[in-house]
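I opened this structure to see what a first pass would turn up. My entries follow in the order I looked things up.

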Amino acid sequence: MKKSIIFLILMSLFISCSETSPEDLVNDRTIIETVKYNTDVFPIVESQCLSCHNDNFASGNNSYSTYAQFREATENGNVIDRITREEGDPLLMPQGRRLPQNSIDLILQWQTDGYLEN
């Protein structure tokens with residue numbers, strides 16, 4: 001009995017441990033419900049945008065540090081245009097590579113769902 005319990009615990013630990021990064025958690029999301037900024041979009045913004053678009057360094061005069069800033073840039077700016085450009089386009093954001101399609105789809109669905117915050 002003891003061996004069985006120890007075996008189950010070890011197997012649970014083994015199965016739960018994997019090499020994932022925060023990007024993996026964002027990139028593999030599938031859209032199954034209403035998309036909201038805080039839970040769905042902000043992790044993408046945080047990992048992919050804030051290094052260049054923050055209050056201290058606002059590349060292109062665009063800071064995405066807050067919900068309101070990112071919503072404004074998505075609604076009235078060019079975020080959608082920039083993230084949906086083809087590889088190699090100099091205006092593609094983030095620079096040098098395209099976001100994973102699942103991340104783009106989440107942002108587009110957030111727009112379709114009405115830019116919900118929570």
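Entry one, cysteines. I began with Cys-49, which is buried at a relative accessible area of 15%. The model is a predicted one. I then asked which cysteine sulfur is closest to that of Cys-49. It belongs to Cys-52, and at 8.9 Å it is too far for a bond. I noted that Cys-52 is in no disulfide, and that Cys-52 is partly exposed, with a relative accessible area of 35%. For the structure I recorded 0 disulfides.

Entry two, helix H4. I looked up which residues of H4, residues 67-75, are buried. I found Tyr-67, Phe-70, Ala-73 and Thr-74. These lie on the same side of H4, because they cover an arc of only 140° around the axis. I kept a general reminder beside this: an α-helix has 3.6 residues a turn, so residues three or four places apart point the same way. Next I checked what covers the buried residues of H4, and the cover includes helix H3 (37-48), helix H5 (79-83) and helix H6 (101-112).

Entry three, the core. I looked up the largest nonpolar core and found that it has 20 residues. Val-41, Val-45, Tyr-64, Phe-70 and Trp-110 have the most contacts inside it. The elements that give two or more residues to this core are H3, H4, H5 and H6. I then followed Phe-70 and left out residues up to four places away in sequence. On that count Phe-70 touches Tyr-37, Val-41, Val-45, Tyr-64, Val-79 and Trp-110.

Entry four, backbone. I noted first that most residues other than glycine have a negative phi, and most peptide bonds are trans. Where is Asn-61 found? I located Asn-61 in the loop between H3 and H4, with a positive phi of about 60° although it is not a glycine. Tyr-115, also not a glycine, has a positive phi of about 60° and lies in the segment after H6. I checked whether each is buried or exposed: Asn-61 counts as exposed at 75% relative accessibility, whereas Tyr-115 is buried at 9%. I also logged a cis peptide bond between Met-93 and Pro-94, with omega about -5°. Pro-94 lies in the loop between H5 and H6.

Entry five, Asn-118. I found Asn-118 in the segment after H6, exposed with a relative accessible area of 62%. Not counting residues up to four places away in sequence, Asn-118 touches Lys-36 and Asn-38. Its C-alpha atom is separated by 7.3 Å from that of Thr-39, although the two are 79 residues apart along the chain.

Note on methods:
Residues numbered from 1 in each chain as written. Predicted model: local features only at pLDDT ≥ 70, side-chain atom pairs only at ≥ 80, totals over all residues. Heavy atoms only, no water. Buried < 20%, exposed > 50% of the residue type's maximum accessible area, 1.4 Å probe, protein only. Helix = DSSP H or I, 4+ residues; strand = E, 2+ residues; numbered from the N terminus. Arc of directions from axis to C-beta. Contact = heavy atoms within 4.5 Å. Core = buried A, V, L, I, M, F, W, Y, C linked by side-chain atoms within 4.5 Å. Disulfide = S-S within 2.5 Å.
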